[in-house]
Amino acid sequence: MSILFLAHTEPDGTLAKSALESLAATVQLAQSLGTPFTVGLIGETPGPAADAIATCGAQKFLTVSGPEFSQARYATDAAAAEALCRAAAATLVTAPATSRWNRVLPGLAHRLGGRADTHVTGVGVSNGQPCVSRWFYRQRMEAVFTRSTRPWILALEGGIAAPWQGAAGTAHPDAVAVTLAAPRTQVTGFEAPAADQQTIRPDAELLFVTGAGWTKKQADGEVKVAEAETLIREFLRLSRSSLGSTKSLVDLGGEGQSVLPFLSHLNQIGQTGSTPRHAKGLSTCCHGEEPHTVGWRFIGERRAISLDANCGWARGKADILYVADAFAVMAKVNALLAP
Ligand SMILES: Cc1cc2nc3c(=O)[nH]c(=O)nc-3n(C[C@H](O)[C@H](O)[C@H](O)COP(=O)(O)OP(=O)(O)OC[C@H]3O[C@@H](n4cnc5c(N)ncnc54)[C@H](O)[C@@H]3O)c2cc1C
């Protein structure tokens with residue numbers, strides 16, 4: 001067996017946290033299998049990144065370098081990864097499940113006649129063979145499985161291992177040449193919302209979830225979407241939490257009702273949404289239905305604010321339920337958080 005760990009360098013030439021986590025998982029896997037492993041790096045000048053992880057225990061370092069490999073582009077990333085896999089004669093390939101790698105790895109498996117598995121949440125060894133964990137059916141069932149097809153390419157989810165830490169050194173990487181047909185895709189730049197408009201923050205300690213109740217008629221018979229927006233935005237600004245939503249709330253926009261304009265389906269948590277990982281979660285104006293709360297599977301401490309003492313949260317889904325008006329509670333919380 002021959003293991004290859006793939007990563008690309010960041011614009012500043014370093015390796016991202018997700019790459020160091022995947023590296024740590026690969027080091028553990030190689031040790032459990034008793035197999036040496038190779039590191040393959042892609043980037044404009046990946047040499048310094050290789051030196052930074054020189055003592056990780058890799059038998060060999062391979063690099064594909066050049067300005068055309070600095071940016072995410074399927075054609076160049078796939079060609080570079082293919083060349084690295086062939087140079088390493090890899091039978092097992094690991095890479096962090098970044099959006100850049102997730103786009104490339106299935107195509108890479110096709111080029112090499114192998115198989116790829118995405119969203120891998122654990123790697124281990126069973127009967128001397130590598131095996132992986134993966135969730136199915138919208139995170140309801142976890143499977144541990146192996147494959148006989150080689151090369152087997154694994155996209156490792158973030159957070160499955162602590163980032164690799166160790167001394168830098170001199171890696172002496174071997175450069176792998178890649179001949180590229182003239183790329184038809186030019187990367188002209190990135191567009192990203194300003195940091196304050198970016199509401200999905202995977203590294204945040206708290207997940208703050210908004211439900212459809214924020215847009216419903218309140219006790220005085222009024223709908224208070226503008227007030228809801230101010231309270232939610234203010235809380236996000238003060239707490240730096242990550243914003244999640246229920247399906248009902250993000251769907252309301254499509255039904256022409258008053259909605260919170262900064263929410264999209266990307267914020268949706270649950271069976272048909274995402275399953276984020278945060279230390280704590282606070283749900284507001286949400287009923288706590290099973291298809292929603294299944295997305296809270298990896299949230300450590302769960303609290304909810306709902307007017308309904310009989311809601312789903314009250315039935316064992318939350319650690320603490322505040323039966324209260326979320327408008328009043330969040331106004332008070334914001335006042336307490338304000339500097
Ligand atoms: C196949 C399938 C998949 C689904 N997938 C998902 C999914 O991935 N994610 C998801 O979220 N849903 C999903 N759903 C929908 C889910 O079943 C629920 O319908 C939805 O989550 C309910 O959203 P809600 O709690 O925001 O709204 P509602 O059910 O309308 O609840 C609003 C709550 O707000 C409370 N409230 C109102 N005003 C206040 C106030 N001032 N203060 C405090 N509380 C207040 C009300 O008492 C009520 O409990 C799915 C459904 C199906 C059938």
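The questions below concern the sheet, two helices and one residue of a predicted model.

Reader: Which strands stand at the edges of the open sheet, each with a single partner strand?

Author: The sheet is open, has nine strands with mixed pairing, and follows the order S7-S6-S5-S8-S4-S1-S2-S3-S9. One side of each edge strand is left without a neighbour in the sheet, because each has a single partner strand; the two are S7 (141–145) and S9 (174–175).

Reader: In which sense do S1 and S2 pair, parallel or antiparallel?

Author: Strands of a sheet pair through backbone hydrogen bonds, in either sense. Strand S1 covers residues 3–8 and strand S2 residues 37–43. Leu 4 stands opposite Thr 38 in S2. Over six bridges, the sense of the S1 and S2 pairing is parallel.

Reader: What angle does the direction of helix H1 make with that of S4?

Author: Helix H1 (residues 17–33) packs on the sheet. Its contacts include S1, S2, S5 (115–126) and S8 (152–156), as well as S4 (92–96). With the direction of S4, that of H1 makes about 155°.

Reader: Which helix lies across S1, S2, S3 and S4?

Author: Strand S3 spans residues 60–65. The helix in question runs at about 155° to S3 and consists of residues 74–88. This is helix H3.

Reader: Is Leu 154 buried or exposed?

Author: Leu 154 is found in strand S8. Not counting residues up to four places away in sequence, Leu 154 touches Val 93, Thr 94, Asp 117, Val 120, Val 123 and Val 132. A residue counts as buried at 20 or more other C-beta atoms within 10 Å. Leu 154 has 28, so the residue is buried.

Key: Residues numbered from 1 in each chain as written. Predicted model: local features only at pLDDT ≥ 70, side-chain atom pairs only at ≥ 80, totals over all residues. Pairing = 2+ DSSP bridges. Helix = DSSP H or I, 4+ residues; strand = E, 2+ residues; numbered from the N terminus. Contact = placed C-beta atoms within 7 Å. Axes fitted to C-alpha atoms, helices over the stretch in contact; angles between N-to-C directions. Buried ≥ 20, exposed ≤ 12 C-beta atoms within 10 Å, placed from the backbone.
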